Amino acid sequence: MAWKRVADRRCVGCGRRRHKNEMIRVSKTKDGLIRIDLGANIAGRGCYICYEEECFAKAERKRAIDRALRMNVSDDTYEEVLKTIRKERSSGSEN
Ligand SMILES: [Zn+2]
């Protein structure tokens, strides 16, 4: 790669790049389980979505998480991602 901006990640919904702290990470552990990862960096393949329901909707329509993680992701997992986005948005930026 000609340049790298390590902290920037591409949203699987809208395709925009943002700082990873502004995004939800969905990771696949080495056991093949899906983990929704807020901030921490779980090793393994992961993808990012903005904290936007619109981005989630786009990702869901394209099954973008399935493609990014190269596995079949259940509807329950998508639902959990959506709930996490809603929860984070309603709680604002605490910590
Ligand atoms: Zn997005």
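**Strand pairing, helix packing and core of the predicted model**

R25 stands opposite Y48 of strand β5. The structure described here is a predicted model. M23 also has a bridge partner in β5, namely C50. In total, five bridges join β3 to β5, and the two strands run antiparallel. Strand β3 covers residues 23-28 and is joined to β4 as well, by four bridges. This second pairing is likewise antiparallel. Within β4, I36 is the residue that stands opposite V26.

These pairings belong to an open sheet of three strands, ordered β4-β3-β5 and paired antiparallel. Its edges are formed by β4, residues 34-37, and β5, residues 46-50. Each of these edge strands pairs on one side only. Neighbouring strands in the sheet are turned against each other by 25° on average, with direction ignored. Strands of a sheet in general pair through backbone hydrogen bonds, in a parallel or an antiparallel manner.

The wider layout of the protein comprises three helices and five strands. Along the sequence, the elements follow the pattern β-β-β-β-β-α-α-α. Of the 95 residues in the protein, 25% are buried. Contacts were also examined by sequence separation. Among contacts with a separation of 6 or more, 54% involve residues 24 or more positions apart.

The connection between β3 and β4 is a hairpin with five residues between the strands. G32 lies in the turn and has a positive phi of about 85°. D31 is placed in the loop between β3 and β4 too. D31 counts as exposed because it has 7 C-beta neighbours inside 10 Å, and the cut-off for an exposed residue is 12 or fewer. D31 lies 9.9 Å from G44, C-alpha to C-alpha. In sequence, D31 and G44 are 13 residues apart.

How much of β5 is buried? The strand is mostly covered, with five of its five residues buried. G46, Y48 and C50 point one way from β5. C47 and I49 point the other way, and these residues are buried as well. In a regular strand, side chains alternate between the two faces of the sheet.

I49 of β5 recurs in the largest nonpolar core, which holds 20 residues. I49, V12 and I65 touch the most other members of this core. At least two core residues come from each of β3, β5, α1, α2 (64-69) and α3. The contacts of V12 illustrate the arrangement. With residues up to four places away in sequence left out, V12 touches C47, Y48 and I49 among others. Its contacts also include A59, A64, I65 and A68. Nonpolar side chains tend to be buried together in soluble globular proteins.

Helix packing was considered next. Two packed helices are described by the angle between their axes and by the distance between the axes. Helix α1, residues 53-62, packs against helix α3, residues 75-91, at an angle of about 170°. Their axes are 10 Å apart. α1 and α3 are therefore roughly antiparallel to each other, since angles over 145 degrees count as such. On the α1 side, the contact is made by E53, F56 and E60. On the α3 side, Y78, V81, L82 and I85 take part. By class, the α1 contact with α3 contains five nonpolar and two charged residues, and no polar ones.

The loops that flank α2 each hold a residue with an unusual sign of phi. Most residues other than glycine have a negative phi. R63 is not a glycine, yet its phi is positive at about 50°. R63 sits in the loop between α1 and α2. Is R63 exposed or partly exposed? R63 counts as partly exposed because 13 C-beta neighbours lie inside 10 Å. R70 also has a positive phi, near 55°, and is a residue other than glycine. The loop between α2 and α3 is the place of R70. R70 is exposed, with 8 other C-beta atoms within 10 Å.

How values were computed
Residues are numbered from 1 along each chain as its sequence is written. This is a predicted model: local features need pLDDT of at least 70, side-chain atom pairs count only at pLDDT 80 or more; totals for chains, interfaces and linings use all residues. Two strands pair if DSSP finds at least two bridges between them. Axes are lines fitted to C-alpha atoms, for helices over the stretch in contact, and angles run from 0 to 180 degrees between N-to-C directions. Two residues are in contact if their C-beta atoms, placed from the backbone, lie within 7 Å. Angles under 35 degrees count as roughly parallel, over 145 as roughly antiparallel, 65 to 115 as roughly perpendicular and the rest as oblique. Ala, Val, Leu, Ile, Met, Phe, Trp, Tyr, Cys and Pro count as nonpolar, Asp, Glu, Lys and Arg as charged, and the others, Gly among them, as polar. A nonpolar core is a set of buried Ala, Val, Leu, Ile, Met, Phe, Trp, Tyr and Cys residues joined through C-beta atoms within 7 Å.
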